[in-house]
Amino acid sequence: MNLPTTRVSLLDLPRFMFGHRGSIWRLIHARHAIWLGAALVATAAMAREYDAVSLWHEPGDLLAPFAASIVLASGLFLWMLATVGAMRIHVRRLGRAFVVFLTGYWLTAPLAWLYAIPIEEFADEITAMRFNLTLLSIVSVWRVLLFARVVSIQFRISYLVSLCSLLVPCMAVAFVGMFSAMLDLVGVMGGVRLTQTQEIMKNFQEGVLSTISTAFVPVVILAVVAIIIGRRKTWQHRSTPTSDPLARALWGVPLLASIGFGVAMIFFQPALIMAARIDQLLQSDRIDEAIGLMSQGTAKDLPAAWDPPPRATDRYEVVPSLAELLDSIERTSPPHWIIQRLLARADLIAPRQCGVHHGFMFQHTGEPREMNGSVEQLESLSEIVNRTLALEAIDEDMRNQLLELKESAAFSLNAALKRQNEREENENSL
């Protein structure tokens with residue numbers, strides 16, 4: 001059944017977001033709707049990044065969503081063509097069909113505006129992490145359900161067939177992404193104690209993986225059954241653009257959103273640009289310059305969620321070294337807030353930089369857990385911990401963590417020295 005084609009109004013966009021059939025049909029087939037979708041993707045990129053990265057240093061972050069969305073939409077389009085039997089469409093109509101498909105995909109972009117809520121400015125790190133993960137879950141589910149509705153309308157298939165067909169590749173992509181992220185976390189931490197935010201992220205990833213693992217096979221079976229039933233009705237693509245272009249008011253939506261996020265950038269970007277400059281100095285071992293730049297302002301001049309190098313989450317080399325950082329702090333005597341910011345993850349970074357592994361949490365017996373490392377590595381770790389503890393600026397929580405690490409390092413060093421002496425005695429006896 002062909003739906004009526006009337007002029008696309010401003011109200012069609014919010015109705016689209018809630019799955020209104022007529023609004024979806026009119027928008028995805030409207031002339032120039034692909035450019036409206038592109039503009040909305042641009043605003044979604046701004047919503048994600050305006051308070052997250054320095055766009056002066058990373059302007060490519062605004063273009064990344066376009067590349068990612070085109071690749072993902074292309075894969076989903078080919079998947080839908082194969083699963084719903086639409087390969088019988090004439091090759092000359094494939095281009096138009098893909099444009100309609102991509103338009104529908106891009107028009108879901110305003111859901112990402114929810115990511116623009118700067119929760120980090122109003123809540124502590126733990127609350128912000130939980131809020132963002134909850135929001136991510138809501139937006140992800142909403143977008144899949146909405147796009148399945150869009151595809152069902154474009155392909156003229158039942159919503160069940162559309163949803164089940166889309167869920168299979170979407171769940172596969174989500175599984176690979178979450179599994180890779182978990183491997184990165186495990187590889188980075190290597191058995192070292194996780195922070196509370198990392199523990200929350202790890203639990204979230206495990207929950208998503210568990211859900212996908214449990215539901216994947218039933219979804220595949222349901223998709224196969226739905227597709228077999230649905231293939232009895234062949235989809236015949238009809239290119240039916242509306243007779244009128246988009247209402248002019250619709251172009252005001254991305255324009256107003258861009259202005260809003262542009263104004264927000266005025267408030268957030270200076271701090272992010274400053275943080276990026278400090279990051280570059282620290283990573284190039286120009287530590288004194290970095291501290292000098294930080295000393296020109298206050299803690300409020302930098303993002304609340306900024307994690308300066310060296311970072312515990314860095315996958316490979318963790319720079320700068322804590323030893324060089326401590327040398328610079330001793331030379332420059334910066335304000336306490338700078339020391340606390342630069343050494344906020346010292347208890348996690350020190351073991352990695354010294355080549356020591358397997359964590360330092362206390363066992364139930366009350367004895368510290370032994371760490372693996374050579375005598376030289378454990379001595380280096382002990383020296384860095386003692387130097388950090390000597391700083392007056394270290395807050396109570398960090399001091400307690402470092403004291404645990406100190407005791408565990410001493411326990412492990414004594415065990416390593418004992419093993420070394422035993423080896424030397426055995427070698428001498430031979």
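This passage goes through two helix pairs, the empty spaces and two backbone oddities in a predicted model.

We can start with the helix packing. Two packed helices are described by the angle between their axes and the distance between the axes. For helix 5 (residues 94–106) and helix 6 (residues 125–155), the angle comes out at about 155°, and the axes sit 9 Å apart. An angle over 145 degrees counts as roughly antiparallel, so helix 5 and helix 6 fall into that group. Their crossing is right-handed. On the helix 5 side, the contact is made by Ala97, Val100, Phe101, Gly104 and Tyr105, and these meet Arg143, Phe147, Val150, Val151, Gln154 and Phe155 of helix 6. Sorted by class, that contact holds eight nonpolar residues, two polar ones and one charged one.

Further along the chain, helix 9 (residues 248–283) packs on helix 10 (residues 287–295) at an angle of about 160°, with 7 Å between the axes. This pair is therefore roughly antiparallel too. Here the crossing is left-handed. Helix 9 brings Met274, Arg277, Ile278, Leu281 and Leu282 to the contact, while helix 10 answers with Ile287, Glu289, Ala290, Leu293 and Met294. The class count for this contact is eight nonpolar, no polar and two charged residues.

Next come the empty spaces. Rolling a probe the size of a water molecule over the atoms shows where empty space is left. The second largest pocket takes up about 1400 Å³. Its lining runs to 39 residues, and those closest to the pocket centre are Ser140, Val141, Val144, Cys170 and Ala174. Quite a few helices chip in: helix 3 (33–49), helix 4 (64–83), helix 5, helix 6, helix 7 (159–189) and helix 8 (196–230) each give the lining at least two residues. Helix 7 has the largest share, with ten residues. Helix 5 and helix 6, the pair described above, thus both turn up again in this lining,. As for character, the pocket lining splits into 30 nonpolar, seven polar and two charged residues.

Cavities are another matter. Searching the whole structure turns up two of 30 Å³ or more. The largest cavity holds about 40 Å³ of space. Around this cavity sit Asp307, Pro308, Pro310, Arg341, Leu342, Ala344, Arg345 and Ile349. Five of these lining residues are nonpolar and three are charged, with no polar residue in the set.

Pro310, one of the residues lining the largest cavity, also shows up in the backbone geometry. Most residues other than glycine have a negative phi, and most peptide bonds are trans. The bond from Pro309 to Pro310, however, is cis, with omega near 0°. Pro310 belongs to the loop between helix 10 and helix 11 (322–332), and helix 10 is the partner of helix 9 in the left-handed crossing. The other departure is at His32, where phi is near 70°, a positive value in a residue that is not glycine. His32 lies in the loop joining helix 2 (21–29) and helix 3, and helix 3 is among the helices that supply the lining of the second largest pocket.

Conventions: Residues numbered from 1 in each chain as written. Predicted model: local features only at pLDDT ≥ 70, side-chain atom pairs only at ≥ 80, totals over all residues. Heavy atoms only, no water. Axes fitted to C-alpha atoms, helices over the stretch in contact; angles between N-to-C directions. Helix = DSSP H or I, 4+ residues; strand = E, 2+ residues; numbered from the N terminus. Parallel < 35°, antiparallel > 145°, perpendicular 65-115°, else oblique. Left-handed = near helix turned anticlockwise from the far one by under 90°. Contact = heavy atoms within 4.5 Å. Nonpolar A, V, L, I, M, F, W, Y, C, P; charged D, E, K, R; others polar. 1 Å grid on protein atoms, 1.4 Å probe; cavity = no way out; pocket = protein on both sides within 12 Å on 5 of 7 lines; lining within 4 Å. Points joined across faces, edges and corners; volume = space filled by probe spheres on them.
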